Amino acid sequence: MRKTLIAGNWKMNGSMASVIELIEGIKAGDSGVAELAVCPPAVFLMKVGGMLADTEIALGAQNVCNHESGAYTGEVSAAMLTESGCRYAIVGHSERRSLYLESDQLVAARFDMAIKSGLIPILCVGETLDEHEQGVTEAVVAKQIDAVLELSGIGGFANAVIAYEPVWAIGTGLVASPDTAQGIHHFIRGKLAESDAGIAEQLRILYGGSMNPGNAAELLAQPDIDGGLIGGASLKAQDFLAIAQAAQE
Ligand code: PEP
């Protein structure tokens, strides 16, 4: 049985005051229906980690360096993240891939560093609007996953999460239909099952892309959608909690 995971990607938003308010709101309303995780900007990780210490809510980072330590200005190491209390680290978010030109190979290296350091990577995969319109979604997602399989092997997915995030749905208000999203999630699970059916069966595959309290229940009801990676709607405690609540409907 895969426990639903609702993870909030706060991106580069918030201030110390708003972060404290958001965490207090989430803590006050967490009903335990789903596992919750929040991924604040790196500079707030220690503060948020401290506030979550007495809760079941997990802390996650928005990225992790592929090197252990050294001259990598601007990067944050896996050891620093675990010391800050992180359980998860997002890798390969489409904004990292498109705005900061992170390749499939770099994303795979970040994923590999995360698993070797005891962090659970949340590997984001998904196609652009162009690729969507060309009908090559499965090929794009397969290539992104293959880069990770080549470096970490199927064993790398024993303690990992995948987030399917169609790029055209991120921050746009457009959402993949539950049927379409289910089809890709099923494809991803089937692809991994070719290497190891047990790992594929227990792997949580989240949907990301304008998930909100209005559309969450239908998406989360799909058999291969095991949660959500939430951007905009994770910045309001009420909306984030309503999405988590939708997991039981
Ligand atoms: C995201 O960036 O991971 C995301 C899903 O954003 P949004 O929910 O705002 O589309």
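**Barrel and ligand: a guided look**

Guide: In this predicted model, 14 residues surround the ligand, and Lys11, His93, Glu165, Gly171 and Ser210 come nearest.

Visitor: What makes the contact of Glu165 with the ligand a polar contact?

Guide: A polar side-chain atom of Glu165 lies 2.7 Å from an oxygen atom of the ligand. The cut-off for a pair of N or O atoms is 3.5 Å, so the pair counts.

Visitor: Which backbone atoms qualify by that cut-off?

Guide: Gly171 has a polar backbone atom 2.7 Å from a ligand oxygen. For Gly232, a polar backbone atom is 2.8 Å from an oxygen of the ligand. Both values fall within 3.5 Å, so both pairs are polar contacts.

Visitor: How much of the ligand is buried by the protein?

Guide: The ligand taken alone exposes 290 Å², and the protein buries 95% of that.

Visitor: How do the residues of the shell divide?

Guide: Four are nonpolar, eight polar and two charged. Gly counts as polar, so Gly171 is in the polar class.

Visitor: Why are β2 and β3 called a pair?

Guide: Strand β2, residues 35–39, and strand β3, residues 58–61, share two bridges in the parallel sense. Pairing needs at least two bridges, so they qualify. Val38 stands opposite Leu59 of β3. Helix α2, residues 45–52, packs on the sheet and touches β2 and β3. The direction of α2 makes about 165° with that of β3.

Visitor: In what order do the strands close into a barrel?

Guide: Eight strands close in the order β1-β2-β3-β4-β5-β6-β7-β8, with parallel pairing. From one strand to the next, the twist averages 25°.

Technical notes
Residues are numbered from 1 along each chain as its sequence is written. This is a predicted model: local features need pLDDT of at least 70, side-chain atom pairs count only at pLDDT 80 or more; totals for chains, interfaces and linings use all residues. Side-chain values use heavy atoms; hydrogens and water are left out. Helices (H or I, at least four residues) and strands (E, at least two) are DSSP runs, numbered from the N terminus. Axes are lines fitted to C-alpha atoms, for helices over the stretch in contact, and angles run from 0 to 180 degrees between N-to-C directions. Contact means heavy atoms within 4.5 Å. A residue is near a molecule or strand if one of its heavy atoms lies within 4 Å of it. A polar contact is a pair of N or O atoms within 3.5 Å; within protein, one must be able to donate a hydrogen and the other to accept it, and residues adjacent in sequence count only if both atoms are side-chain atoms. Accessible areas come from the Shrake-Rupley method with a 1.4 Å probe; for residues, only the protein chains shown count as cover.
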